[in-house]
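I am opening a fresh page of my notebook for this structure. Come along as I look things up, one entry at a time.

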Amino acid sequence: MPDAIIIGGGIIGGASLYYLLEDGYDGKVLVLEKRDALAQDATSLSAGGFRNLWSTRVNMKLTTWSIERFKNFQDEIGVAIGYEPIGYLFTYYSEPWKKVREFIPVWNENGVRAEEVKPEDIERFVPGFRPGLDHLDPDIVEFLGIEEIAGAVFGPDCGAFNPTSVATGYFERSKERYPEKVEIRLKSEVEKIVIENGRAKGIVLTSGEKIESEMVILAAGAYSRDILVRSGIPDEENIPVYPVRRMLFIVNPPPIDGFMNIPMTIIDNGVYFRPEAGNLLVGRANPDEPVGYNYDADKNYYLDEMNPYMQARIPGMEYCRIQSMWGGLYAVNMWDHNAIISPHISIENLFIVTGFSGHGAMEAPAAGKSIAEIILKGEPETIPEVKELSMSRIKEGKPVKETIVI
Ligand SMILES: Cc1cc2nc3c(=O)[nH]c(=O)nc-3n(C[C@H](O)[C@H](O)[C@H](O)COP(=O)(O)OP(=O)(O)OC[C@H]3O[C@@H](n4cnc5c(N)ncnc54)[C@H](O)[C@@H]3O)c2cc1C
């Protein structure tokens with residue numbers, strides 16, 4: 001019988017396993033993953049961006065700690081993860097720019113490097129970038145609803161990495177260092193968590209097999225809430241975390257010298273792009289996307305909602321034709337769009353690590369470390385601010401309000 005069960009073999013399950021064992025958990029841990037390989041869901045479908053530019057202290061801290069781990073992953077874990085500190089460049093219209101500009105000293109006070117970039121200097125980061133509108137037909141400007149770019153922020157410590165390598169690195173290293181303590185079972189879908197007398201007692205697989213354990217860690221991403229529903233948890237004690245599709249597109253780069261050295265760049269309409277193995281990876285959150293398990297990608301979304309904005313800012317972007325595309329699921333915490341890293345509010349020995357709302361890959365190392373400390377020491381010591389991400393904040397009406405979301 002395992003002492004602990006982790007549901008979910010993604011980057012969060014991997015980081016939770018790794019830090020639980022590294023921090024001294026002396027029980028046996030069983031990881032259950034429904035797919036036939038580890039890290040095949042949101043973790044591998046992610047854009048792999050990381051940034052420490054956030055408006056809340058807790059997100060700044062989680063990402064700062066995690067970025068340090070990514071930087072040293074090769075030394076600490078012995079796995080190459082494609083760590084590329086290419087930076088993030090956020091561009092802004094005049095109204096939001098006023099607020100963001102005032103925030104730059106706050107970032108710097110918190111150890112987050114952020115540089116103000118004048119509109120005319122954006123081209124130094126993104127060749128061909130046009131912050132003004134004079135080059136555009138006024139009808140197009142009106143149709144797209146765009147404004148002049150008033151300023152930009154560059155985060156030099158942000159960048160991109162491969163979350164799948166991080167996840168598999170955590171699982172492989174844990175198995176290698178603690179062979180007698182780790183078991184990973186693929187093709188093992190959890191039907192429900194067994195709850196008796198207000199306490200998690202194990203799980204039941206969809207095959208009908210029952211596995212008892214002392215504790216359960218729920219790291220099943222966008223599927224986590226449904227597992228709790230199937231476990232008989234009433235709505236008011238469930239997590240407000242739902243699956244929402246996000247699409248990514250790989251497109252040709254524009255024929256502009258030096259374009260493959262740009263940072264992750266965020267422009268009008270929330271469109272973002274960065275270099276990806278000689279092409280561009282392009283994304284944009286759709287505010288009208290309904291809740292659901294939809295993994296399809298729609299090329300018209302790129303053609304209508306993304307590429308016209310790219311063309312408006314950078315001549316030659318009309319050449320950026322789709323090479324491939326996919327959809328994946330954000331585990332969106334509909335209540336405040338931030339993670340839940342804590343014990344369940346009413347079920348003993350059930351721990352929740354999900355609801356990352358699109359920033360779970362970049363927060364995974366710190367999330368794993370924090371849940372390990374909560375389990376072993378009763379509270380998150382390395383990043384005490386993680387207490388703000390407890391599930392109880394929902395009942396207490398204390399949302400973590402993050403304003404810098406993409
Ligand atoms: C298109 C897209 C772009 C993104 N871009 C970024 C980004 O740039 N930066 C960033 O930080 N984050 C990004 N994210 C978010 C990031 O990918 C997630 O926050 C992160 O991967 C969450 O990891 P996870 O382990 O919780 O989830 P997952 O990787 O989804 O892992 C959960 C695992 O649980 C398994 N599972 C589910 N149900 C069961 C069950 N009943 N029994 C057993 N196993 C089960 C699943 O198969 C899966 O392997 C993006 C996400 C998407 C979809």
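**Entry: a serine in a loop.** I began with Ser357, which sits in the loop between strand S19 (350–354) and H11. I should say early on that I am working with a predicted model. I looked up the backbone of Ser357 and found a positive phi of about 55 degrees, although this residue is not a glycine. Is Ser357 buried or exposed? I found 21 C-beta neighbours inside 10 Å, so Ser357 counts as buried.

**Entry: an asparagine in a loop.** Next I turned to Asn269, in the loop between strand S14 (264–266) and strand S15 (272–276). Its phi is near 65 degrees, a positive value in a residue other than glycine. For Asn269 I noted 16 other C-beta atoms within 10 Å, so I wrote it down as partly exposed.

**Entry: around the ligand.** Then I went to the ligand, which has 40 residues around it. Which of them come nearest? I listed Gly8, Gly10, Gly221, Gly328 and Gly360. I sorted the shell by class and got 19 nonpolar, 15 polar and six charged residues.

I also checked which elements supply at least two residues each to this shell. Among them are the helices H1 (11–22), H2 (42–45) and H11 (360–377). The strands S13 (241–251) and S17 (322–333) are on that list as well.

**Entry: where the ligand lies.** My last look-up was about domains. Domain 1 (4–80 + 162–240 + 335–396) and domain 2 (88–156 + 242–332) both give residues to the shell, so the ligand lies between them.

Definitions and conventions: Residues are numbered from 1 along each chain as its sequence is written. This is a predicted model: local features need pLDDT of at least 70, side-chain atom pairs count only at pLDDT 80 or more; totals for chains, interfaces and linings use all residues. A residue is near a molecule or strand if its C-beta atom, placed from the backbone, lies within 6 Å of it. Helices (H or I, at least four residues) and strands (E, at least two) are DSSP runs, numbered from the N terminus. Ala, Val, Leu, Ile, Met, Phe, Trp, Tyr, Cys and Pro count as nonpolar, Asp, Glu, Lys and Arg as charged, and the others, Gly among them, as polar. Domain bounds come from an automatic or database domain assignment. A residue is buried if 20 or more other C-beta atoms lie within 10 Å of its own, exposed if 12 or fewer, and partly exposed in between; C-beta atoms are placed from the backbone.
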